[in-house]
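Dear colleague,

I am passing on the structure below, with notes on its cores, a small part of its strand content and one of its helices. Please keep the sequence open beside the coordinates as you read.

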Amino acid sequence: MEGFGGFSLVGRDADVRAVVDAVAGTGGALLVADQGLGKTAVSKAVLAELGDGVLPLWIHASPTLSRIPFGALAPYLASLQEDQTNSVLAAMRSVLAHINALAPGQTPVLLVVEDAHDLDESSAMLAAQLVASGAVKLLAMSRTVPAVPPELESLASDGLIVRRPLQPLDSGAALELCRQALGGQILPCLSESLVEASGGNPMFMLALLAQERRDGTLVERNGVWLLTGEPPRPDRRLTDLIKGHFSGCTPQQRQVLETVALADPIPLRLLLDSADGGLVDGLVESRLVTVGEDAERLVRVAHPLYGQVLRAMVPASRSLRLRQQLTPRLFSGRHTLQSLLRQVDWSLECGLPVPASRLLEAARLANGLFNSRFALRAAAAVQPGPYRAAAQVEMAWAHYHNGEFARAEELLAGVLRRARNPATAKSAAVLSAQLLLFRRGGAAGLEGLADEWSATLDRLEAEHPRLAGTPAVVHSRTGCRLLRIRGMVGDEQLAGAETELLQVLDGPEPDPEIELVARTLLAEVYGATGRLVSGAALTRRGLELLHAHEGALLGYYEFVLVPHLTALLRLGEYDDATRELERYAGTGLRGLFYFGGTVALASAALEILQSRPVPGLALLAAAVEGLRQLDLEHLLPLAFAAGAHTAAAAGRNGLAEGYLAGYAEVADQPRQRVRLMCDGLAAAAGFRLRKEPAELDRLFDLVEDARRRGYFSEELDLRVLALRLGSLRGLDQLVKLAEFTEGAAAAQLTALVRALRDEDMPALLRMIDGAASRPLLHATLLSLRSPVLAAEEARGTSSQREFLAQARRQLQKSLPVEPDAGPAGAGGGGRKGGGARAAGGASKAAGGGAAGGAAAGTGAAAASAGGTGAAGAGAAWAGRAGSGRRMAGARRTGVAGAGSAGRPDPGRRTAAPAGAVGTVAAGSAGDMPQAPPVKLTRREHEIGTLVLEGMQNADIAERLGLSVRTVEGHIYRMFAKLHIGSRDELDVAHLG
């Protein structure tokens, strides 16, 4: 169905259903929403759904006609005499005569009123009477402001019609709208940024997308759309579109609105000193400003875009006068994070002096929010003096966030040794540690950096004896210790690091910042050694600390979130992982972690681990392109390796080869734990593609390497990867590792491997029966259903090989392979409404089991990435609270040899490497029992008929005026309802 800007309607299914039910069961519905939220699109969808069941009678109201009695109804008043123009009764008779001529007592007439807020009083009264009398039904569309005609509101309050307000689009719906508008895959962060900038208004979102494409900040690379810079300010076209929202303000209201936009936010008491309360109330009623419920009663512009446009329209002289009047009181008292940035920005725009301490505070905050442009501006405004060194560090951080490492190192040179206070020393040390890790890829220099930091603290205490024993110095010395511990973790001294970290946590009640970092580093150690539940408990507490001390710990979210997601993925707690990603997406603290490919990589792991390789591959393609642009923790190799293995398992050999070529170019980047898993995935992918024994031997060499290093979790993951290829080598050790590892998923794995080792068919059958509710177990069983290795090549004893052959036959009989597609809520980390509905179903894989094979090791590798996240972000114990110490990495443009890895087919715009919808792994459909007849929607029936006629998806889309993705979605849902897996199984009987 047609939706926003000519694209298919998204995010409005519940609204359409509610209105259709209202028209069928009551006198109709009243749609109420701000301009651009889709009232007309929803109404058209409702009319399409109602079809021939109603006869629509359109009424087009307008501001001009609102001054004329019955002006909107004029087309239907042909029989009205000149002397009857003020008679409601005569007008009603004329309209009824028109209605009877159109549908004489047969089809119900639906009065469809556009812009009902512009109805004149007489027309509104007549429409209400027609509905109340039962002569017609009503579908009215009205803006919130101006007010809905009271006559129509009365119909709703009396229960004669249903009032349905439309809400802004959520992240999932925005993601789908962006995909339609751009015709390709996108990083979820793009839709998130658009939701934040547009307030979820689809009209504004599409306008922003168009502007970003014109300005070149939104570009397509290998079928994936990426933001290449900070979103631009609204251009003239978008400004003209937005101006209409406040064009009806009086001059007095406009002045108040400009004041709010410039100060944004401003305390209500301060605003009322210069503005009449009635004017403020009017702006609130018009939904142009909001007033907070907190003690300050902060007044804000209701929409981010409104504020940007208004500020650009205010003359510089007026802006300066207002700033001079408000400066003394705005800079006094407590500030919110954003208000401080806005006030400093306003002062700099007006050329007013800002205290150096305030500039430095604003620069730190801007870095914490990854607003590098403003951080550089504020820090550069700090004049030579006592704050200059600290400002120089903030400038270095901003360049670092932009991937300009050389410039960051240049600015940092000598600052730590010359630092005049502990805070500057800490910030310089933390950034130096980050540069050591990301530029040189290891922890070798951390011990020397900790010594330099400690020497600076000694000097400061000698120069200022009063500093001795102060919290700033005590915490900094603990920071030096944590920096050394981080070096121990990098040198694989896990036992020693664990002892040190436990001592830090067992000491006197630690500062929240120190506790957060120590817990997160300890979680990394636990994760490497199989204590997943314990590690998740540590990071869960870290997240609680973060939310409890958000202002003080600004900049730590990703540092804690990555290892927490790691543990959840390894534990199989996918719902919890999805919720954490949703929570992160809704915080507004999305930094470079979010705007890179890391979230897409985590989301891909969630899909693949739940045996949904097609949406997983689509998200991996997005992750690859995002990480090429900005790689936070050298995760591009992991994305390539995971993509290669997943594609190979799904039968996408060309795509797998491309990903392997990309991996070969960057394989030396990740740290050891991640590299073990990356190399393992690459070896497994190579074995799936070429069946060369050397690849499998390479995988077991990596198993032994992980064992020597004490990386129990990586050893377990690599052994499971080999098992899912069909190898029975080392079952005894696999049982021991699984028994040692915490969590329900490990317990399930233990039971499975024991059954294989002990040739226990009853135990295996019990696991098959319960596999559907256990995703990790289900994925492993699917891979064993049709593994790469033949039973006679699986190693193990001869009886174990025979048992494996029997198990395969039983699995093929009892465990059908289901069509693959992403569920609602899966995409972009599972944000609401989700959007990972990648086009297509599972590709045909040789022998079936593609989903289970694809899951093998990919999530484990993503889990290993969590170790990297904790390691890198905790480089210098991450001791930069409130000043933006987050993970960051270099921008990447065009990795050699990897140019085609994210492109499934030449010339295809979408990055989703998906096959035709409905194709499934071999052998799956025939094993599925036929379901009883089900009711298909009108659209599903229509598309099903065209499928039976032999039409392909693109032809169907062209015939029906839909996007190919929409057609694919309908086909997938239809097949799921009918319990079939391919087009070949669809017959006329299914369509009724």
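The notes below begin with the conventions and then go through the findings.

This is a predicted model, in which local features need pLDDT of at least 70 and side-chain atom pairs count only at pLDDT 80 or more, while totals for chains, interfaces and linings use all residues. Residues are numbered from 1 along each chain as its sequence is written, and side-chain values use heavy atoms, with hydrogens and water left out.

The largest nonpolar core (a set of buried Ala, Val, Leu, Ile, Met, Phe, Trp, Tyr and Cys residues joined through side-chain atoms within 4.5 Å) has 100 residues, and those with the most contacts inside it are L482, L501 and L699. Helix α34, residues 672-690, gives the most to this core, with 11 residues. Apart from it lies another core of 52 residues, including L169, V260, V280 and L322. Buried here means under 20% relative accessible area, exposed over 50%, and partly exposed in between, with a 1.4 Å probe and protein chains only. Helices (H or I, at least four residues) and strands (E, at least two) are DSSP runs, numbered from the N terminus.

Turning to the strands, there is an open sheet of 3 strands in the order β6-β8-β7, with mixed pairing; two strands pair if DSSP finds at least two bridges between them. β6 (185-186) and β7 (218-221) stand at the edges with a single partner strand each, so one side of each is left without a neighbour in the sheet. Strand β8 (residues 224-227) runs antiparallel to β7 and is joined to it by 4 bridges, among them those that pair V219 with L226 and L218 with L227. The two strands form a hairpin with 2 residues between them, and N222 in the turn has a positive phi of about 50°.

As for helix α38 (residues 744-758), its 15 residues should span 21 Å at 1.5 Å a residue (1.5 Å times one less than the number of residues), and its end C-alpha atoms are 21 Å apart, which agrees. Its buried residues include A745, L749 and V753, and α38 is followed by E759, whose phi is positive, near 55°. α38 and α39 pack at an angle of about 140°, with their axes 8 Å apart, where axes are lines fitted to C-alpha atoms over the stretch in contact, and angles run from 0 to 180 degrees between N-to-C directions. The contact (heavy atoms within 4.5 Å) is made by Q748, A751, L752 and A755 of α38 and A763, L764 and M767 of α39.

Best regards
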